[in-house]
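Here are some exercises to work through with the model open beside you. Try each task before you read its solution.

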Amino acid sequence: MKKEAFLYLCRDLAPFLEKQQTRFRETIPVSKRISIALWRLASGHDCRSLGQLFGVGRSTCCKITHHVSDALVSVFLKRFIATVSNERVQETKEAFRIMSGLPQCVGAVDGCHIPILAPREHHCDYFNRKHFHSIILQAVVDHKRRFQDIYIGWPRRVHDARVLANSSLYTKGQNGTLFPDDVQIIDEVEVPLYLVGDTAYPLLPWLLKQTAACCVLHNLCEMQEEEFEEDWRVEPDVDGHNINNPEGDEEDAEDVRDVLKGMLQRQRGL
């Protein structure tokens, strides 16, 4: 982190982190509190070794990390993590069009593992197939890999489709409030703004699976006689985790997906 960014954090978080100094104990400066938290969040070092590094006790290090984390979320979450707004949508969709050839795409959604210590209760639910305990972070990113939406906390054994179905992202997408009203007509089909996701997610008008794009890339690689390594093969984990889509949603989404697939194939001469 550059000095300017660090000073920016110190300035905006100071009202939430400053402690009143007493004659019994000298307070820890805001800059040191933020340094401790940043080091822990970036490295994952335990509080004991980190406390020794900064000259504070183990419990103090843990409390400071939680306090600074709460302040970061309270002050900056809505400021820095927000779904594409009217002001940014044109920039974002144009950038994705240039990057991928896909019109109207304004983000990508996926889930990832966040390692945790095994909880005392129901710890098996958090044990993933990579053999560590974790929770799921569902995230939407834009063309600059900046987070636009996050949803955190489900046990790793829960499928990505179920996590999505319980998120505000899904609610907003289904009731039409996720993106601004922006439709492009392609081959007589109305193509709205949408996200792209992998095959774990349902096919929806505002969320397209990358199946079509993968088919195009497959043919392109075959034409270039690219080799396939057998250890790249991964079995999909999709059994029994389908979302019951409202009637008509999947049909509309298939129309959008098919017209985009046809457009990409024409662009690449496939």
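**Exercise 1. Decide whether isoleucine 186 is buried or exposed, then find its surroundings.**

Step 1. Isoleucine 186 has a relative accessible area of 7%, so it is buried (buried means under 20% relative accessible area, exposed over 50%, and partly exposed in between, with a 1.4 Å probe and protein chains only).

Step 2. Before going on, a word on the source: this is a predicted model, in which local features need pLDDT of at least 70 and side-chain atom pairs count only at pLDDT 80 or more, while totals for chains, interfaces and linings use all residues. Residues are numbered from 1 along each chain as its sequence is written, and side-chain values use heavy atoms, with hydrogens and water left out.

Step 3. Place the residue: isoleucine 186 belongs to strand β4 (helices, H or I with at least four residues, and strands, E with at least two, are DSSP runs numbered from the N terminus).

Step 4. List its partners. Neighbours within four places in sequence aside, isoleucine 186 is in contact with Pro103, Val191, Val259, Leu260 and Met263 (contact means heavy atoms within 4.5 Å).

Step 5. Take proline 103 from that list: its C-alpha atom is separated by 9.4 Å from that of isoleucine 186, although the two are 83 residues apart along the chain.

**Exercise 2. Work out which side chains make polar contacts with the side chain of aspartate 182.**

Step 1. Find aspartate 182 in the loop between α7 (168–175) and β4 (183–186).

Step 2. Check its accessibility: the value is 15%, so aspartate 182 counts as buried.

Step 3. Look for polar contacts (pairs of N or O atoms within 3.5 Å; within protein, one must be able to donate a hydrogen and the other to accept it, and residues adjacent in sequence count only if both atoms are side-chain atoms). The side chain of lysine 93 makes one with the side chain of aspartate 182 at 2.8 Å, and the side chain of glutamine 90 makes another at 3.3 Å.

Step 4. Widen the view. Beyond four places in sequence, the contacts of aspartate 182 are Gln90, Lys93, Gln104, Val191, Pro192 and Leu193.

**Exercise 3. Compare the backbone and accessibility of glutamine 104 and aspartate 187.**

Step 1. Glutamine 104 is not a glycine, yet its phi is positive, at about 75°. Aspartate 187, also not a glycine, has a positive phi of about 50°.

Step 2. Glutamine 104 sits in the loop between α5 (86–100) and β1, and aspartate 187 in the loop between β4 and β5 (189–192).

Step 3. With a relative accessible area of 2%, glutamine 104 is buried, whereas aspartate 187, at 48%, is partly exposed.

**Exercise 4. Explain why the largest pocket lies between the two domains.**

Step 1. Both domain 1 (3–80) and domain 2 (86–225) give residues to the lining of the largest pocket, so it lies between them. The domain bounds come from an automatic or database domain assignment.

Step 2. Now see which element gives the largest share of the lining: α4, with 10 residues.

**Exercise 5. Describe the protein as a whole.**

Step 1. Count the elements: there are nine helices and seven strands.

Step 2. Of the 270 residues, 37% are buried.

Step 3. Among contacts with a separation of 6 or more, 59% link residues 24 or more positions apart.
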